[in-house]
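Colleague: Hi! I'm new to this one, could you walk me through it?

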Amino acid sequence: MGDHFALTENGITPPLRWEEPPEGPVLVLLDQTRLPQEEVELVCTDVQALVAAIRSLAVRGAPLLGLAGAYGIALAAARGYDVEDAAELLAHARPTAVNLEYGVRRAVEAYRNAAPEQAPAAALAEARQLHAQDAAASAAMAEHGERLLSELVTGGGYRILTHCNTGALVSGGNGTALGVVLATHRSGQLRRLWVDETRPMLQGARITAYEAARAGMPYTLLTDSAAGSLFTAGEVDAVLVGADRIAADGSTANKVGSYSLAVLAAYHHVPFIVVAPTTSVDLATPDGSAIEVEHRPANEVTDLAPSPLGTQAYNPAFDVTPPELITAIVTENGVVAPVTAERLAAVCG
Ligand code: MRU
């Protein structure tokens, strides 16, 4: 079907594209569950298929979920499905990343505000606009993030520890935390990228390592539990992570394991930096206790760690880092540091 994915300038296959073959519009996803072994396309012709792709993590990562939500509404509209039903299904496909509801809401509002015959085109135009805005936000965050690192880290070159995957595969551009890392690599400042494998779904090992290899970065993979010894060895200059939802007080939900890194970073006096677009900020959620953390099936853990039949598993997909452990939040509109509710609200305009 259609064209193959055209590589971006980084050599990364774009994670999502809209196509209009004669049989009707489709949303084509790069199936991230199959990376890095194979690049397989998943062609969604309806909202149910897209919801399944979101739940299985074929399409994942906060900014990309926002784009998937917006294009999902465009798909429903173009295919003649009930847009309000589609919005309900899509917005709740996963609970933690606020970008998903945001993307859905933007496309639904564009649809509702247009004349009926223009409404499907309006929803698609809004999805495309969000896509372009996300690419621009990536570029701005890379600039702000690189400048911040130059202020916080002295000694020539950066050794950066990251968790999960936050690059071109979760964004319309080069991503959030990994977008900043890429910028430092391109300017010759990256000494080493430490990549947490990110259990249990291994987004670090499978996807961040894949992006780092494609970009030619000097990177090393480690088990999540090896991070402490890396800090003890003095091998980390900064921790950079993304965000799924940032509450009004700056509490940040991100991939489970981020909080442990923040505690380690504070103990070792290493900056812990969150890089996220303002579309990941939810000022309506007052603090971390109000963020819904997704719990995923036990078999994601037991499949990875062979254990006796019937073993129960605790498998939250995210954890919440309180603002006092976050050195700075880098957004496309500037840097929030120290992290306070007032400064966060100001950067969100
Ligand atoms: O479960 P995932 O893979 O969707 O989780 C993704 C993360 O936790 C990312 O760190 C976050 O969405 C930021 S992506 C720029």
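Modeller: Happy to; we can talk about salt bridges and then about one of the helices. Keep in mind that this is a predicted model.

Colleague: How many salt bridges does a search of the whole structure find?

Modeller: The search finds 15 salt bridges.

Colleague: Let's take an example. Which side chain does arginine 17 meet in a salt bridge at 2.7 Å?

Modeller: That one is glutamate 19, with 2.7 Å from N to O.

Colleague: And is arginine 17 buried or exposed?

Modeller: Arginine 17 counts as buried, at 15% relative accessibility. Glutamate 19 is buried as well, with a relative accessible area of 10%.

Colleague: What about glutamate 41, which residue does it form a salt bridge with?

Modeller: Glutamate 41 pairs with arginine 17, and their closest N and O atoms are 3.2 Å apart. Arginine 17 sits in strand 1 (residues 16–19) and glutamate 41 in strand 3 (residues 41–44), so this salt bridge ties together parts that are 24 residues apart in sequence. Glutamate 41 counts as partly exposed, at 23% relative accessibility.

Colleague: Moving along the chain, which residue does glutamate 235 form a salt bridge with?

Modeller: With arginine 159; the closest N and O atoms are 3.7 Å apart. Arginine 159 belongs to strand 4 (residues 158–162), while glutamate 235 lies in the loop between helix 8 (227–232) and strand 7 (238–241), so the pair links parts 76 residues apart in sequence.

Colleague: How accessible are those two?

Modeller: Glutamate 235 is partly exposed at 28% relative accessibility, and arginine 159 is buried, with a relative accessible area of 14%.

Colleague: Which residues are joined into one network by salt bridges that share partners?

Modeller: Arg94, Glu294, Arg296 and Glu300.

Colleague: New topic: helix 7. What span should its 13 residues have?

Modeller: At 1.5 Å a residue, helix 7 (residues 203–215) should span 18 Å, and its end C-alpha atoms are 17 Å apart, which agrees.

Colleague: Where is its kink centred?

Modeller: On alanine 209, and the kink is about 25 degrees. Alanine 209 is also one of the buried residues of helix 7, which include Ile207, Thr208 and Tyr210.

Colleague: What covers those buried residues?

Modeller: The cover includes strand 4, helix 6 (177–186), strand 5 (190–196), strand 6 (219–222) and strand 9 (252–255). Strand 4 is where we met arginine 159.

Colleague: Last one: which residue just after helix 7 takes a positive phi?

Modeller: Glycine 216, with a phi of about 75 degrees.

Methods: Residues numbered from 1 in each chain as written. Predicted model: local features only at pLDDT ≥ 70, side-chain atom pairs only at ≥ 80, totals over all residues. Heavy atoms only, no water. Salt bridge = Lys/Arg side-chain N within 4 Å of Asp/Glu carboxyl O. Buried < 20%, exposed > 50% of the residue type's maximum accessible area, 1.4 Å probe, protein only. Helix = DSSP H or I, 4+ residues; strand = E, 2+ residues; numbered from the N terminus. Expected span 1.5 Å × (residues − 1). Bend = angle between axes of the 7 residues up to and from the residue. Contact = heavy atoms within 4.5 Å.
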